[in-house]
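Hi everyone, thanks for coming. I've got a structure to walk you through today, so let's put it up on the screen.

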Amino acid sequence: MPDTDTEKDSVVSSDALRFILPITASPDRLDKTLARLLPQHSRSRLQSWVESGHVLVNGQAVKVKHTVYPGDTVLVWEQQAPEDMAFEPDDVDFEIVAQSDSWLVVNKPVGLVTHPGAGNWRGTLLNGLLFRFPNLRQVPRAGVVHRLDKDTSGLLVVARTEVAQTHFVRQLQERSMGRQYLALVHGVLPGQGSVDEPIGRDLRVPVRMSTGPSVAPKHAVTHYQMLRQGYAGEEAVTEVACRLETGRTHQIRVHLSSIKHPLLADTLYGGRVVAGAQRQMLHAHVLEFEDPDTGERRSFSAEPPSDYQSVAETIEWHTQS
């Protein structure tokens, strides 16, 4: 490995860090050498810089496993970590259903992540909000109050001020914010009912949530009502309206799966691709809340997107509530 007294020249005019490996250095892999030179950065981050061409050895782009020798000159252009850019504006397409000086009601499209996170640091709804409404940078989480899964469509509220955000969070805590979803599920699910089962992270599959043995389970209640029943070929399908009393991760998906009625195409929770469904058939249809400025009860609705409607149109409906 290179000696700890490796010479590090001052930053050159191109903003690259310039290292000349001393004569006492031993030949070694580039990524290992960089880890010694720049210990403040993780090995994986350094490797990504090499792979993206932001590290040159003797003026040439090389591979991560390239061997460097005494006397070699290494130039490194430090890159901002994706998570450091999470709260930057991006031009993202989404519909604004209604707005006031204190809030926005957004109709989130399928495939759009709500908030930056691992693997999705840019191009989220939050980034799009910052692009259209730069003042949201002054509000925690750019005003995002609650989230929808990437492949769930529909309505959510965004606070434009800290006062409004506090007001909405309290409504969620007091369970006074109304959220109704439409879902297409496997099987015959008659009448109406409730699922009152705590939800936590699955012990075996970290990306799943579970009503069984799990990590840090939390109280969760979902109410459902049958809207219509039918068949896609020989597959029984029920459309249900779900009302959330709590707001846990994947709540409707987990609860309906726990009673043996997973959502169509929700393969994470046992759903199957039926009638052309390519994502979990779940849509946030109705949103109700108390206006933080006036105290007036506000109610909004959004029809399901075209892919949901196309699946529903292929089903031969027989029974309606």
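I'll talk about one helix, then a residue with a database annotation, then a pocket, and finish with a strand residue.

Before anything else, keep in mind that this is a predicted model.

Okay, the helix. Find α4, which runs over residues 162-174. That's 13 residues, and from the first C-alpha to the last α4 reaches 18 Å, close to the 18 Å expected at 1.5 Å a residue. Now, which residues of α4 are buried? They're Ala164, Gln165, Phe168 and Gln171. These four sit on the same side of α4, because the arc they cover around the axis is only 120°. Turn to the face pointing away from that buried side, and you'll find the exposed residues Val163, Arg170, Gln173 and Glu174.

And what do the buried residues pack against? Four strands: β9 (103-108), β10 (153-159), β18 (282-290) and β19 (297-301). One little detail before we leave the helix: just after α4 comes Arg175, and Arg175 has a positive phi of about 60°.

Next up, Asp149. UniProt lists Asp149 under "active site", though that comes from an unreviewed entry. Where is Asp149? Look in the loop between α3 (125-132) and β10. Is Asp149 buried or exposed, or somewhere in between? Its relative accessibility is 22%, and since buried would need under 20%, Asp149 counts as partly exposed. If we skip the neighbours within four places in sequence, Asp149 is in contact with Lys108, His250, Arg253 and Gln280.

A couple of those names come back in the pocket. The largest pocket has a volume of about 1,300 Å³, and 41 residues line it. Nearest its centre are Arg147, Asp149, Arg248, Thr249 and His250. So the residue from the UniProt entry is among those nearest the pocket centre. Our helix shows up here as well: α4, β11 (178-186), β13 (199-202), β15 (214-218) and α5 (251-258) each give at least two residues to the lining.

Last stop, Gln229. You'll find Gln229 in strand β16, residues 221-232. Gln229 counts as buried because its relative accessibility is 12%, and the cut-off for buried is under 20%. Who is around Gln229? Again leaving out neighbours within four places in sequence, Gln229 touches Val188, Leu189, Pro190, Val237, Thr238, Glu316, Trp317, His318 and Thr319.

That's my tour, thanks for listening.

Notes. Residues are numbered from 1 along each chain as its sequence is written. This is a predicted model: local features need pLDDT of at least 70, side-chain atom pairs count only at pLDDT 80 or more; totals for chains, interfaces and linings use all residues. Side-chain values use heavy atoms; hydrogens and water are left out. The expected span of a helix is 1.5 Å times one less than its number of residues. Buried means under 20% relative accessible area, exposed over 50%, partly exposed in between (1.4 Å probe, protein chains only). The arc is that of the directions from the helix axis to the C-beta atoms. Contact means heavy atoms within 4.5 Å. UniProt positions are given in the numbering used here, feature names are shortened, and annotations may be inferred rather than shown by experiment. On a 1 Å grid over the protein atoms alone, a cavity is a set of points where a 1.4 Å probe fits but cannot get out, and a pocket is an open set with protein on both sides within 12 Å along at least five of seven lines; lining residues have an atom within 4 Å of a point. Grid points are joined across faces, edges and corners, and a volume is the space filled by probe spheres set on the points.
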